[in-house]
Amino acid sequence: MHNCISITDTLTYLGGNDRRIALFESAYPVPRGVSYNSYLLKDEKTVLFDTVDEAVAEQFFENLSCALGERPLDYIVVHHMEPDHSATQRRLLQAHPEVTVVTTQKAAAMMKNYFGFAGKTVLVKEGDTLCVGAHTLRFVLAPMVHWPEVMMTYVAEEGILFSADAFGTFGALPGSIFADEVDFERDFLADARRYYFNIVGKYGVQVQNVLKKAAGLEIRLVCPLHGPVWRRDFAWYLEKYCTWSGYLPEERGVAVFYASVYGHTQNAAEIVASAVAAKGVKVRVYDVSVTSVGELVSEAFRFSHAVFASTTYNNGIFISMEQLLADLAAHAWQNRAYAVIENGSWAPQAGGLMDAQLSAMKNMRCIGEKTTVLSAVNEESAAALRELAALVAADVLDN
Ligand code: FEO
(Lines give C-alpha, C1' and ligand atoms only; values in the text may rest on other atoms or scores of the structure.)
Protein backbone atom coordinates (compact mmCIF):
# COMPACT_ATOMS: atom_id res chain seq x y z
CA MET A 1 0.00 0.00 0.00
CA HIS A 2 1.21 3.50 -0.81
CA ASN A 3 2.69 5.67 1.92
CA CYS A 4 3.27 9.07 0.30
CA ILE A 5 4.17 11.99 2.55
CA SER A 6 3.33 15.56 1.67
CA ILE A 7 6.21 18.06 1.96
CA THR A 8 4.54 21.10 0.38
CA ASP A 9 1.32 21.57 -1.59
CA THR A 10 3.15 20.45 -4.71
CA LEU A 11 6.00 18.25 -3.46
CA THR A 12 5.57 14.68 -2.20
CA TYR A 13 8.01 12.20 -0.64
CA LEU A 14 7.92 8.81 -2.38
CA GLY A 15 10.89 6.99 -0.79
CA GLY A 16 11.18 4.01 1.53
CA ASN A 17 13.24 2.48 4.33
CA ASP A 18 15.38 -0.64 4.39
CA ARG A 19 15.88 -1.91 7.94
CA ARG A 20 17.09 -5.37 6.89
CA ILE A 21 20.23 -4.24 5.10
CA ALA A 22 23.38 -5.27 6.98
CA LEU A 23 26.07 -3.49 4.98
CA PHE A 24 25.56 -0.32 2.91
CA GLU A 25 27.66 -0.54 -0.27
CA SER A 26 28.62 -4.01 1.03
CA ALA A 27 31.02 -2.24 3.37
CA TYR A 28 29.39 -0.10 6.08
CA PRO A 29 27.24 -1.58 8.87
CA VAL A 30 23.86 0.16 9.10
CA PRO A 31 22.21 -1.26 12.23
CA ARG A 32 19.59 1.52 12.06
CA GLY A 33 18.90 0.87 8.38
CA VAL A 34 18.85 3.48 5.62
CA SER A 35 16.26 5.40 3.63
CA TYR A 36 16.22 5.87 -0.14
CA ASN A 37 14.52 9.15 -0.94
CA SER A 38 12.63 10.13 -4.06
CA TYR A 39 10.39 13.15 -4.60
CA LEU A 40 7.57 14.10 -6.98
CA LEU A 41 6.79 17.71 -7.94
CA LYS A 42 3.34 18.28 -9.44
CA ASP A 43 3.11 21.50 -11.41
CA GLU A 44 1.92 22.01 -15.00
CA LYS A 45 4.40 19.22 -15.61
CA THR A 46 5.10 16.32 -13.26
CA VAL A 47 8.72 15.86 -12.23
CA LEU A 48 10.24 12.89 -10.40
CA PHE A 49 13.55 13.49 -8.65
CA ASP A 50 15.50 10.19 -8.71
CA THR A 51 14.31 6.66 -8.11
CA VAL A 52 15.30 4.26 -5.32
CA ASP A 53 17.22 1.11 -4.46
CA GLU A 54 15.73 -2.23 -5.48
CA ALA A 55 15.11 -3.02 -1.78
CA VAL A 56 12.24 -0.51 -1.60
CA ALA A 57 11.05 -0.77 -5.22
CA GLU A 58 7.52 -1.97 -4.46
CA GLN A 59 6.88 0.81 -1.94
CA PHE A 60 8.26 3.39 -4.37
CA PHE A 61 6.14 2.29 -7.35
CA GLU A 62 2.99 2.17 -5.20
CA ASN A 63 3.80 5.68 -3.97
CA LEU A 64 4.48 6.98 -7.47
CA SER A 65 1.28 5.53 -8.84
CA CYS A 66 -0.76 7.06 -6.02
CA ALA A 67 0.95 10.46 -6.22
CA LEU A 68 0.60 10.70 -10.00
CA GLY A 69 -3.00 9.56 -10.11
CA GLU A 70 -4.15 9.79 -13.71
CA ARG A 71 -1.40 12.19 -14.76
CA PRO A 72 1.52 11.16 -16.97
CA LEU A 73 5.09 11.42 -15.72
CA ASP A 74 6.65 14.21 -17.75
CA TYR A 75 10.20 14.32 -16.41
CA ILE A 76 12.61 12.38 -14.25
CA VAL A 77 15.60 14.37 -13.02
CA VAL A 78 18.49 11.98 -12.45
CA HIS A 79 20.94 13.50 -9.98
CA HIS A 80 23.10 10.44 -9.36
CA MET A 81 23.53 7.07 -11.03
CA GLU A 82 24.75 4.95 -8.11
CA PRO A 83 22.37 1.97 -8.01
CA ASP A 84 21.01 2.84 -4.56
CA HIS A 85 19.17 5.58 -6.50
CA SER A 86 19.04 4.22 -10.01
CA ALA A 87 18.38 0.47 -9.71
CA THR A 88 14.68 1.03 -10.40
CA GLN A 89 15.18 3.43 -13.32
CA ARG A 90 14.90 0.78 -16.02
CA ARG A 91 11.55 -0.36 -14.64
CA LEU A 92 10.43 3.26 -14.36
CA LEU A 93 11.32 4.01 -17.98
CA GLN A 94 9.47 0.89 -19.10
CA ALA A 95 6.40 1.77 -17.02
CA HIS A 96 6.44 5.41 -18.20
CA PRO A 97 7.57 5.52 -21.83
CA GLU A 98 6.27 9.11 -21.95
CA VAL A 99 8.92 10.36 -19.51
CA THR A 100 11.86 12.57 -20.51
CA VAL A 101 15.09 12.04 -18.59
CA VAL A 102 16.83 15.25 -17.48
CA THR A 103 20.42 14.65 -16.50
CA THR A 104 24.10 15.27 -17.17
CA GLN A 105 26.02 13.84 -20.09
CA LYS A 106 28.05 11.66 -17.74
CA ALA A 107 24.93 10.25 -16.10
CA ALA A 108 23.35 9.51 -19.50
CA ALA A 109 26.46 7.54 -20.45
CA MET A 110 26.17 5.59 -17.20
CA MET A 111 22.48 4.88 -17.89
CA LYS A 112 23.47 3.30 -21.19
CA ASN A 113 26.17 1.27 -19.45
CA TYR A 114 23.80 0.04 -16.74
CA PHE A 115 20.63 -0.49 -18.79
CA GLY A 116 21.67 -0.55 -22.44
CA PHE A 117 19.48 2.51 -23.15
CA ALA A 118 18.84 5.96 -21.70
CA GLY A 119 15.35 6.80 -22.94
CA LYS A 120 14.34 10.27 -24.17
CA THR A 121 16.98 12.50 -22.68
CA VAL A 122 17.59 16.20 -22.19
CA LEU A 123 21.20 16.85 -21.24
CA VAL A 124 21.83 19.76 -18.88
CA LYS A 125 24.88 21.72 -17.82
CA GLU A 126 25.73 24.04 -14.94
CA GLY A 127 23.13 26.78 -14.60
CA ASP A 128 20.69 25.39 -17.19
CA THR A 129 17.03 25.82 -16.30
CA LEU A 130 13.79 23.99 -17.03
CA CYS A 131 10.42 25.68 -16.47
CA VAL A 132 7.73 23.19 -15.42
CA GLY A 133 4.95 25.68 -14.62
CA ALA A 134 5.11 27.83 -11.51
CA HIS A 135 8.50 26.28 -10.70
CA THR A 136 11.75 26.62 -12.62
CA LEU A 137 14.42 24.01 -11.99
CA ARG A 138 18.01 25.21 -12.03
CA PHE A 139 20.74 22.59 -12.30
CA VAL A 140 23.90 22.78 -10.23
CA LEU A 141 26.74 20.39 -11.07
CA ALA A 142 28.33 18.63 -8.09
CA PRO A 143 31.03 16.34 -9.52
CA MET A 144 32.49 13.82 -7.06
CA VAL A 145 29.79 14.43 -4.46
CA HIS A 146 29.88 11.49 -4.68
CA TRP A 147 30.42 10.32 -8.29
CA PRO A 148 31.52 12.40 -11.30
CA GLU A 149 28.05 12.64 -12.89
CA VAL A 150 26.32 14.10 -9.82
CA MET A 151 24.24 17.24 -9.99
CA MET A 152 21.76 18.98 -7.71
CA THR A 153 18.59 20.94 -8.52
CA TYR A 154 17.60 24.29 -7.03
CA VAL A 155 14.05 25.60 -7.21
CA ALA A 156 14.18 29.33 -6.43
CA GLU A 157 10.42 29.89 -6.10
CA GLU A 158 10.34 27.81 -2.90
CA GLY A 159 14.05 27.73 -2.00
CA ILE A 160 14.23 23.96 -2.46
CA LEU A 161 17.58 22.23 -2.93
CA PHE A 162 17.54 18.62 -4.10
CA SER A 163 21.02 17.84 -2.81
CA ALA A 164 21.70 14.27 -4.06
CA ASP A 165 23.95 12.39 -1.58
CA ALA A 166 25.04 15.61 0.15
CA PHE A 167 23.40 16.18 3.55
CA GLY A 168 22.28 12.54 3.58
CA THR A 169 22.74 10.13 6.46
CA PHE A 170 22.51 6.48 7.38
CA GLY A 171 19.50 5.57 9.52
CA ALA A 172 15.95 4.71 8.42
CA LEU A 173 13.34 7.45 8.84
CA PRO A 174 11.29 7.03 12.02
CA GLY A 175 7.81 7.79 10.68
CA SER A 176 8.48 11.49 10.26
CA ILE A 177 10.69 12.43 7.35
CA PHE A 178 11.59 15.89 8.74
CA ALA A 179 14.79 16.71 10.62
CA ASP A 180 12.88 19.12 12.86
CA GLU A 181 10.54 16.34 14.00
CA VAL A 182 13.35 14.02 15.16
CA ASP A 183 16.18 14.63 17.62
CA PHE A 184 18.75 14.81 14.83
CA GLU A 185 21.75 15.56 17.03
CA ARG A 186 20.96 12.67 19.35
CA ASP A 187 19.64 10.12 16.86
CA PHE A 188 21.29 10.93 13.51
CA LEU A 189 24.45 13.00 13.93
CA ALA A 190 26.82 10.04 14.50
CA ASP A 191 25.31 8.26 11.49
CA ALA A 192 25.47 11.46 9.41
CA ARG A 193 29.14 11.92 10.27
CA ARG A 194 29.91 8.28 9.50
CA TYR A 195 27.99 8.55 6.22
CA TYR A 196 29.79 11.76 5.23
CA PHE A 197 33.33 10.62 5.94
CA ASN A 198 32.96 7.15 4.47
CA ILE A 199 30.91 8.05 1.40
CA VAL A 200 32.11 11.50 0.33
CA GLY A 201 34.83 12.35 2.88
CA LYS A 202 37.62 11.85 0.39
CA TYR A 203 36.18 14.65 -1.77
CA GLY A 204 36.27 17.56 0.67
CA VAL A 205 37.47 20.02 -1.98
CA GLN A 206 34.57 19.14 -4.28
CA VAL A 207 32.11 19.42 -1.37
CA GLN A 208 33.52 22.87 -0.54
CA ASN A 209 33.06 23.90 -4.18
CA VAL A 210 29.37 23.00 -3.98
CA LEU A 211 29.00 24.73 -0.61
CA LYS A 212 30.37 27.91 -2.22
CA LYS A 213 27.70 27.68 -4.93
CA ALA A 214 25.03 27.03 -2.28
CA ALA A 215 26.15 30.06 -0.27
CA GLY A 216 24.59 32.32 -2.91
CA LEU A 217 21.19 30.62 -2.77
CA GLU A 218 18.28 31.17 -0.43
CA ILE A 219 17.66 27.63 0.82
CA ARG A 220 14.48 26.92 2.76
CA LEU A 221 14.08 23.19 2.13
CA VAL A 222 16.78 20.57 1.57
CA CYS A 223 15.79 17.21 0.09
CA PRO A 224 18.68 14.71 0.18
CA LEU A 225 18.71 11.17 -1.21
CA HIS A 226 19.07 9.59 2.26
CA GLY A 227 17.77 10.61 5.67
CA PRO A 228 15.61 13.48 6.87
CA VAL A 229 14.38 16.46 4.86
CA TRP A 230 15.53 19.82 6.27
CA ARG A 231 13.01 22.67 6.47
CA ARG A 232 14.44 24.58 9.48
CA ASP A 233 17.73 25.05 11.33
CA PHE A 234 19.64 23.91 8.25
CA ALA A 235 22.46 26.36 9.06
CA TRP A 236 23.47 24.09 11.97
CA TYR A 237 23.92 21.11 9.64
CA LEU A 238 25.56 23.25 6.95
CA GLU A 239 28.15 24.33 9.51
CA LYS A 240 28.96 20.65 10.17
CA TYR A 241 29.50 20.17 6.44
CA CYS A 242 31.81 23.22 6.31
CA THR A 243 33.89 21.74 9.15
CA TRP A 244 33.90 18.20 7.79
CA SER A 245 34.71 19.13 4.20
CA GLY A 246 37.47 21.46 5.44
CA TYR A 247 39.10 18.45 7.16
CA LEU A 248 38.86 20.36 10.42
CA PRO A 249 38.22 18.61 13.72
CA GLU A 250 34.66 18.86 14.97
CA GLU A 251 35.73 18.51 18.62
CA ARG A 252 38.89 19.01 20.59
CA GLY A 253 39.60 15.67 22.17
CA VAL A 254 41.38 12.37 21.71
CA ALA A 255 40.43 9.16 19.93
CA VAL A 256 42.52 6.29 21.27
CA PHE A 257 42.77 3.38 18.84
CA TYR A 258 44.39 0.14 19.97
CA ALA A 259 45.12 -3.26 18.41
CA SER A 260 45.83 -5.80 21.12
CA VAL A 261 46.15 -9.59 20.99
CA TYR A 262 46.42 -10.60 24.67
CA GLY A 263 45.40 -7.37 26.41
CA HIS A 264 48.77 -5.78 27.17
CA THR A 265 48.57 -3.19 24.39
CA GLN A 266 45.01 -2.50 25.49
CA ASN A 267 46.34 -1.94 28.99
CA ALA A 268 48.84 0.61 27.64
CA ALA A 269 46.08 2.39 25.69
CA GLU A 270 43.78 2.47 28.72
CA ILE A 271 46.52 3.96 30.92
CA VAL A 272 47.00 6.77 28.39
CA ALA A 273 43.24 7.28 27.99
CA SER A 274 42.70 7.51 31.76
CA ALA A 275 45.58 9.92 32.22
CA VAL A 276 44.32 12.15 29.39
CA ALA A 277 40.75 12.06 30.73
CA ALA A 278 42.03 12.97 34.21
CA LYS A 279 43.19 16.28 32.73
CA GLY A 280 39.62 17.07 31.73
CA VAL A 281 40.03 16.19 28.05
CA LYS A 282 37.31 14.34 26.13
CA VAL A 283 38.53 10.82 25.20
CA ARG A 284 37.05 7.89 23.32
CA VAL A 285 38.72 4.45 23.21
CA TYR A 286 38.32 1.93 20.39
CA ASP A 287 39.49 -1.67 19.97
CA VAL A 288 40.17 -1.57 16.24
CA SER A 289 39.76 -5.34 15.92
CA VAL A 290 36.09 -5.30 16.90
CA THR A 291 34.89 -1.89 15.68
CA SER A 292 33.96 -1.37 12.04
CA VAL A 293 36.64 0.54 10.23
CA GLY A 294 34.01 2.97 8.94
CA GLU A 295 33.20 4.01 12.51
CA LEU A 296 36.90 4.32 13.34
CA VAL A 297 37.48 6.58 10.34
CA SER A 298 34.52 8.74 11.35
CA GLU A 299 35.79 9.09 14.93
CA ALA A 300 39.32 9.92 13.75
CA PHE A 301 37.86 12.77 11.69
CA ARG A 302 35.68 13.90 14.59
CA PHE A 303 38.52 14.58 17.04
CA SER A 304 41.53 16.88 16.95
CA HIS A 305 43.95 14.27 18.34
CA ALA A 306 44.48 10.52 18.05
CA VAL A 307 46.63 7.93 19.80
CA PHE A 308 47.50 4.73 17.94
CA ALA A 309 48.65 1.71 19.97
CA SER A 310 49.54 -1.51 18.16
CA THR A 311 51.25 -4.74 18.94
CA THR A 312 53.96 -5.82 16.51
CA TYR A 313 52.75 -8.66 14.29
CA ASN A 314 54.73 -10.52 11.64
CA ASN A 315 57.38 -7.85 12.07
CA GLY A 316 54.80 -5.21 11.13
CA ILE A 317 51.65 -3.44 12.32
CA PHE A 318 48.76 -5.57 13.59
CA ILE A 319 46.29 -6.41 10.78
CA SER A 320 43.29 -4.38 11.95
CA MET A 321 45.45 -1.33 12.72
CA GLU A 322 47.03 -1.63 9.29
CA GLN A 323 43.55 -1.54 7.77
CA LEU A 324 42.57 1.53 9.79
CA LEU A 325 45.69 3.41 8.68
CA ALA A 326 45.08 2.44 5.04
CA ASP A 327 41.47 3.64 5.27
CA LEU A 328 42.50 6.92 6.89
CA ALA A 329 44.98 7.52 4.05
CA ALA A 330 42.33 6.57 1.46
CA HIS A 331 39.92 9.11 2.97
CA ALA A 332 42.56 11.88 3.03
CA TRP A 333 42.69 12.17 6.83
CA GLN A 334 44.79 15.25 7.62
CA ASN A 335 45.39 18.26 9.86
CA ARG A 336 45.62 16.24 13.06
CA ALA A 337 48.04 15.63 15.94
CA TYR A 338 48.83 12.04 16.92
CA ALA A 339 50.95 9.87 19.19
CA VAL A 340 52.06 6.26 18.76
CA ILE A 341 52.53 3.38 21.16
CA GLU A 342 54.02 0.04 20.17
CA ASN A 343 54.31 -3.33 21.84
CA GLY A 344 56.66 -6.18 20.98
CA SER A 345 58.01 -9.16 22.89
CA TRP A 346 61.30 -9.45 21.01
CA ALA A 347 61.47 -6.91 18.16
CA PRO A 348 59.01 -3.99 18.53
CA GLN A 349 58.41 -2.46 15.10
CA ALA A 350 54.83 -1.21 14.96
CA GLY A 351 55.50 2.31 16.29
CA GLY A 352 58.00 3.35 13.65
CA LEU A 353 55.91 1.83 10.89
CA MET A 354 52.73 3.58 12.08
CA ASP A 355 54.59 6.87 12.38
CA ALA A 356 55.90 6.51 8.82
CA GLN A 357 52.35 6.11 7.50
CA LEU A 358 50.84 8.86 9.64
CA SER A 359 53.57 11.40 8.96
CA ALA A 360 53.10 10.84 5.21
CA MET A 361 49.52 12.19 5.48
CA LYS A 362 48.95 15.91 4.94
CA ASN A 363 49.72 18.38 7.72
CA MET A 364 50.16 15.85 10.52
CA ARG A 365 52.01 16.51 13.76
CA CYS A 366 53.50 13.82 16.01
CA ILE A 367 53.36 14.46 19.75
CA GLY A 368 56.26 13.11 21.83
CA GLU A 369 58.36 10.08 21.01
CA LYS A 370 56.90 6.69 20.19
CA THR A 371 56.41 4.83 23.46
CA THR A 372 57.44 1.19 23.63
CA VAL A 373 56.01 -1.60 25.76
CA LEU A 374 57.97 -4.84 25.96
CA SER A 375 55.37 -7.63 26.32
CA ALA A 376 53.52 -6.13 29.30
CA VAL A 377 53.37 -2.68 30.86
CA ASN A 378 55.78 -2.30 33.80
CA GLU A 379 56.57 0.61 36.12
CA GLU A 380 58.99 2.12 33.64
CA SER A 381 56.74 1.91 30.59
CA ALA A 382 53.72 3.04 32.65
CA ALA A 383 55.63 6.19 33.58
CA ALA A 384 56.48 6.77 29.91
CA LEU A 385 52.84 6.28 28.93
CA ARG A 386 51.69 8.81 31.54
CA GLU A 387 54.31 11.24 30.30
CA LEU A 388 53.00 10.82 26.75
CA ALA A 389 49.42 11.28 28.00
CA ALA A 390 50.41 14.54 29.71
CA LEU A 391 51.89 15.85 26.45
CA VAL A 392 48.78 14.87 24.47
CA ALA A 393 46.40 16.40 27.03
CA ALA A 394 48.43 19.62 27.18
CA ASP A 395 48.39 19.84 23.40
CA VAL A 396 44.61 19.44 23.26
CA LEU A 397 44.10 22.08 25.94
CA ASP A 398 46.70 24.51 24.59
CA ASN A 399 45.56 24.73 20.98
FE1 FEO B 1 23.43 7.24 -2.11
FE2 FEO B 1 26.34 7.74 -3.92
O3 FEO B 1 24.66 7.01 -3.51
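Guide: Buried means under 20% relative accessible area, exposed over 50%, and partly exposed in between (1.4 Å probe, protein chains only). The model is predicted: local features need pLDDT of at least 70, side-chain atom pairs count only at pLDDT 80 or more, and totals for chains, interfaces and linings use all residues. Residues are numbered from 1 along each chain as its sequence is written, and side-chain values use heavy atoms, with hydrogens and water left out.

Visitor: What percentage of the residues in the protein chain is buried?

Guide: The C-alpha trace spans about 80 × 40 × 35 Å along its principal axes. The chain has 13 helices (H or I, at least four residues) and 23 strands (E, at least two), taken as DSSP runs and numbered from the N terminus. Of its 399 residues, the buried share is 57%.

Visitor: How far apart do the C-alpha centres of domain 1 and domain 2 lie?

Guide: The domain bounds come from an automatic or database domain assignment. Domain 1 covers 5-245 and domain 2 covers 254-394. Their C-alpha centres are separated by 38 Å.

Visitor: Which residues of domain 1 lose the most area to domain 2?

Guide: In contact (heavy atoms within 4.5 Å) are 8 residues of domain 1 and 10 of domain 2. Buried area is the accessible area (1.4 Å probe) that two parts lose on being put together, summed over both. Here the two domains bury about 810 Å², with 59% from carbon and sulfur atoms. On the domain 1 side, 57% of the buried area comes together from Arg193, Phe197 and Asn198.

Visitor: Which element gives the most residues to the side of domain 1 that touches domain 2?

Guide: The interface has 1 salt bridge (a side-chain nitrogen of Lys or Arg within 4 Å of a carboxyl oxygen of Asp or Glu). Arg193 pairs with Glu299, the closest N and O atoms being 3.9 Å apart. Strand 5 (28-29) and helix 6 (189-200) are the elements that give two or more residues to the domain 1 side. The most, 4 residues, come from helix 6.

Visitor: Arg193 belongs to a network of salt bridges; which other residues are linked in it?

Guide: The structure holds 19 salt bridges. Some of them connect into a network. Linked with Arg193 are Lys240, Glu250, Glu251, Lys282, Glu299 and Arg302.

Visitor: How many residues apart in sequence are the parts that Asp180 and Arg232 tie together?

Guide: Asp180 and Arg232 form a salt bridge, with the closest N and O atoms 3.1 Å apart. Asp180 sits in the loop between strand 15 (160-162) and helix 5 (184-187), and Arg232 in the loop between strand 16 (221-223) and helix 8 (234-245), so the pair ties together parts separated in sequence by 52 residues.

Visitor: Is Glu342 buried or exposed?

Guide: Glu342 forms a salt bridge with Lys370, the closest N and O atoms being 3.6 Å apart. Glu342 lies in strand 21 (residues 337-343), and Lys370 in the loop between strand 22 (365-366) and strand 23 (371-373), 28 residues apart. Lys370 is partly exposed at 42% relative accessibility. Glu342, with a relative accessible area of 2%, is buried.

Visitor: At what relative accessibility does Asp395 count as buried?

Guide: Arg365 forms a salt bridge with Asp395, the closest N and O atoms being 2.9 Å apart. Arg365 is in strand 22 and Asp395 in helix 13 (residues 379-398), 30 residues apart. Arg365 counts as partly exposed at 39%. Asp395 counts as buried at 13%.
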